[in-house]
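Student: Could you take me through one part of this predicted model up close, and then show me how that part fits in with the rest? I'd like it in plain words, please.

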Amino acid sequence: MRKTLLLLAVAMAAMLNLSVAGHVWAQSELTDGTVTKVDNSASKITIKHGPMKKFDMEDEMTMVYRVQDAAMLTAVKAGDKVTFNAERINGQFTVTKIQKAK
Ligand SMILES: [Cu+2]
């Protein structure tokens, strides 16, 4: 009986882990966009981007993001087509990953 309970606990822990991993994957879904402005002094970037379901942005829009790491701003410039990921960190839309589109 004790062994069965233990197995059950292990199985549940494994399921929990899987759902957490799935959640992280969904969160880092990449979005296509075009950089329209880079503001190095404020560590901000303006990106015109396509729909972003996770933030209920159904349509294309242009918006300003903070960047998680200022070094991201040296990798891209206005006019570049990019793919990027954003998260809401402390209530601010923040780019956590960005790269030039191939
Ligand atoms: Cu937006």
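**A hairpin and its surroundings**

Tutor: Let's start with the hairpin that β1 and β2 make: 4 residues sit between the two strands, and in the turn Ser43 has a positive phi of about 55°. Keep in mind that everything here comes from a predicted model.

Ser43 catches the eye since that positive phi turns up in a residue that is not a glycine. You'll find Ser43 in the loop between β1, residues 31-39, and β2, residues 44-49. Is Ser43 buried, exposed or partly exposed? Ser43 counts as partly exposed, because it has 17 C-beta neighbours inside 10 Å, and a residue needs 20 or more to be called buried.

Now look at the two strands on either side of that turn. β1 and β2 run antiparallel and are joined by 6 bridges. One pair to pick out is Asp39, whose bridge partner in β2 is Lys44. If you're wondering what holds such pairs together in general, strands of a sheet pair through backbone hydrogen bonds, either parallel or antiparallel.

β1 has another partner too. It pairs with β4 in the antiparallel sense, over 4 bridges. Try finding Thr31 on screen: its bridge partner in β4 is Phe84. Then go to Asp32, which stands opposite Thr83 in β4. Thr83 is a handy stepping stone, as it also has a bridge partner in β5, namely Gln99.

That takes us to a second hairpin. Strand β4 (residues 81-89) and strand β5 (residues 92-100) run antiparallel, with 8 bridges joining them. Another pair here is Glu87, which stands opposite Thr94 in β5. This hairpin has 2 residues between its strands, and Asn90 takes a positive phi near 50° there.

There is one more positive phi to visit. Asp56, again a residue other than glycine, has a phi near 55°, and Asp56 lies in the loop between β2 and β3, where β3 covers residues 61-67. Asp56 counts as exposed, because it has 7 C-beta neighbours inside 10 Å and the cut-off for exposed is 12 or fewer.

Now zoom out. What do the strands build together? They form a closed barrel of 5 strands, in the order β1-β2-β3-β5-β4, with mixed pairing. On average, neighbouring strands of this sheet are turned by 55° against each other, ignoring direction. The chain as a whole has 2 helices and 5 strands, and going from the N terminus the elements read α-β-β-β-α-β-β.

Next, the nonpolar core. The largest one has 13 residues, and those touching the most other members are Val35, Ile45, Tyr65, Phe84 and Val95. You've met Phe84 already, as the bridge partner of Thr31. The elements giving two or more residues to this core are β1, β2, β3, β4 and β5, with β4 giving the most, at 3 residues. As a general rule, nonpolar side chains tend to be buried together in soluble globular proteins.

Zoom in on Ile45 for a moment. Setting aside neighbours within four places in sequence, Ile45 is in contact with Val35, Val38, Tyr65, Val67, Leu73 and Val95. Over the whole chain of 102 residues, 16% count as buried. Among contacts in the chain with a separation of 6 or more, 43% are between residues 24 or more positions apart.

Here's one pair that shows how the fold can bring distant parts of the sequence together: Ala75 and Lys100 are 25 residues apart in sequence, with their C-alpha atoms 8.1 Å apart in space. Ala75 is in helix α2, residues 72-75. Ala75 is partly exposed, because 13 other C-beta atoms lie within 10 Å.

Last, how far can you trust the picture? The average pLDDT of the chain is 86, and 79% of the residues score at least 70. Confidence is highest in β2, at 98, and lowest in helix α1, residues 2-27, at a mean of 61. Over residues 21-26 the pLDDT drops below 50, and this stretch has 0 contacts in the model beyond near neighbours in sequence. Where pLDDT is low, the predicted coordinates should not be read in detail.

Conventions. Residues are numbered from 1 along each chain as its sequence is written. This is a predicted model: local features need pLDDT of at least 70, side-chain atom pairs count only at pLDDT 80 or more; totals for chains, interfaces and linings use all residues. Two strands pair if DSSP finds at least two bridges between them. Axes are lines fitted to C-alpha atoms, for helices over the stretch in contact, and angles run from 0 to 180 degrees between N-to-C directions. Two residues are in contact if their C-beta atoms, placed from the backbone, lie within 7 Å. A nonpolar core is a set of buried Ala, Val, Leu, Ile, Met, Phe, Trp, Tyr and Cys residues joined through C-beta atoms within 7 Å. pLDDT is the predictor's confidence in each residue, from 0 to 100.
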